[in-house]
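Colleague: Please give me a close look at the charged side-chain pairs in this model, and then at the parts of the fold around them. I'd like something I can follow on screen, residue by residue.

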Amino acid sequence: MDPMINLLKLCVGADSVEDLTDWQHDQRPRWPEGRAIHVTRMWPKREADVLDGGSLYWVIKGVILCRQRILDLQEVILSDGIPRCALVMDQEVIRTEAAPRRPFQGWRYLDPEDSPRDLPKARAKDDVLPPKLAQALAELGLH
């Protein structure tokens, strides 16, 4: 059996982790209680590995800044009739160390050993660095 795997996705339209959490908070009435949903076009071929403890790592303004645990994958069919994959995630957004990423389309697999570490809980409420500064520090190896 393959090991657990994470997913990596650009957080389009968000300038900060707070933008993501605010948007998800506004969407909660549409989602199952305690869950967040993100619909994507492609279904992960490594579904079992994703569901074996994987998270969705969000890239915000070119930097991985947070993650959400993936709880389920569900098929949804939108008004165009095309089946898509709904990533059902835990509501908790966990901040991570900043890790720069170049732009890409869709999502990518992210091996656990390449995933940035979670910030300690005590640092989760620290002032957030501006994205450009966080990216520059990450590129220098300073977290």
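Modeller: Happy to, and let's start with Asp49, which counts as buried because its relative accessible area is 5%, below the 20% cut-off for that class. Please keep in mind throughout that this is a predicted model. The partner of Asp49 is Arg46, and the closest N and O atoms of this salt bridge are 3.0 Å apart. Arg46 itself is partly exposed, at 24% relative accessible area. The pair therefore joins a buried carboxylate residue to a partly exposed arginine.

In the whole model there are seven salt bridges, and two others are worth a visit. One of them is formed by the side chains of Asp80 and Arg84, at 2.9 Å from N to O. Here the acidic residue is partly exposed, since Asp80 has a relative accessible area of 43%, whereas Arg84 counts as buried at 17%.

The other is the pair of Glu97 and Arg117, with 2.8 Å between the closest N and O atoms. This salt bridge links distant parts of the chain, as Glu97 sits in strand 6 and Arg117 in the loop between strand 7 (107-110) and helix 3, 20 residues apart. Glu97 is buried, with a relative accessible area of 14%, while Arg117 counts as exposed at 56%.

Now for the setting of Glu97. Strand 6 is largely enclosed by the rest of the structure, because six of its seven residues are buried. Strand 6 (residues 94-100) runs antiparallel to strand 4, and four bridges join the two. Two of the facing pairs are easy to find on screen: Arg67 is opposite Ile94 of strand 6, and Ile64 is opposite Ala99 of strand 6.

From strand 4 you can walk on to two other strands. Strand 5 (residues 83-90) pairs with strand 4 in the antiparallel sense, over seven bridges, and Ile70 has Met89 of strand 5 as its bridge partner. Five residues separate strand 4 from strand 5 in this hairpin, and Gly81 in the turn has a positive phi of about 80°. Strand 3 (residues 55-60) is also antiparallel to strand 4 (residues 63-77), with six bridges between them. Ser55 has Arg69 of strand 4 as its bridge partner. This hairpin has two residues between its strands, and Lys61 in the turn has a positive phi of about 55°.

Arg84 also leads to Thr40. Beyond its neighbours up to four places away in sequence, Thr40 touches Arg84, together with Lys9, Cys85, Leu87 and Trp107. Thr40 is found in strand 2 (residues 35-40), and it is buried at a relative accessible area of 6%.

Two of those contacts, Leu87 and Trp107, turn up again around Leu7, whose other contacts beyond four places in sequence include Val50, Leu56 and Ile70. Leu7 lies in strand 1 (residues 6-10) and counts as buried, at 0% relative accessibility. Along the chain, Leu7 and Asp111 are 104 residues apart, yet their C-alpha atoms are separated by 8.3 Å.

Leu7 is also one of the residues with the most contacts inside the largest nonpolar core, which has 26 residues; Leu56, Trp58, Ile60, Cys66 and Ile70 share that distinction. Helix 1 (17-27), strand 2, strand 3, strand 4 and strand 5 each supply at least two residues of this core. Apart from it lies another core of seven residues, including Tyr57, Val59, Ile64 and Leu110.

To place all this in the whole protein, the order of elements from the N terminus is β-α-β-α-β-β-β-β-β-α, giving three helices and seven strands. Of its 143 residues, 40% count as buried. Among contacts between residues at least 6 apart in sequence, 72% join residues at least 24 apart. The exposed area is about 8700 Å², and 52% of it comes from carbon and sulfur atoms.

One word on confidence before you zoom in further. The mean pLDDT is 88, and 84% of the residues score at least 70. Strand 3 has the highest mean of any element, at 97, and helix 3 (residues 131-139) the lowest, at 66. Where pLDDT is low, the predicted coordinates should not be read in detail.

Notes:
Residues are numbered from 1 along each chain as its sequence is written. Side-chain values use heavy atoms; hydrogens and water are left out. Buried means under 20% relative accessible area, exposed over 50%, partly exposed in between (1.4 Å probe, protein chains only). Contact means heavy atoms within 4.5 Å. Accessible areas come from the Shrake-Rupley method with a 1.4 Å probe; for residues, only the protein chains shown count as cover. Two strands pair if DSSP finds at least two bridges between them. A nonpolar core is a set of buried Ala, Val, Leu, Ile, Met, Phe, Trp, Tyr and Cys residues joined through side-chain atoms within 4.5 Å. pLDDT is the predictor's confidence in each residue, from 0 to 100. A salt bridge is a side-chain nitrogen of Lys or Arg within 4 Å of a carboxyl oxygen of Asp or Glu.
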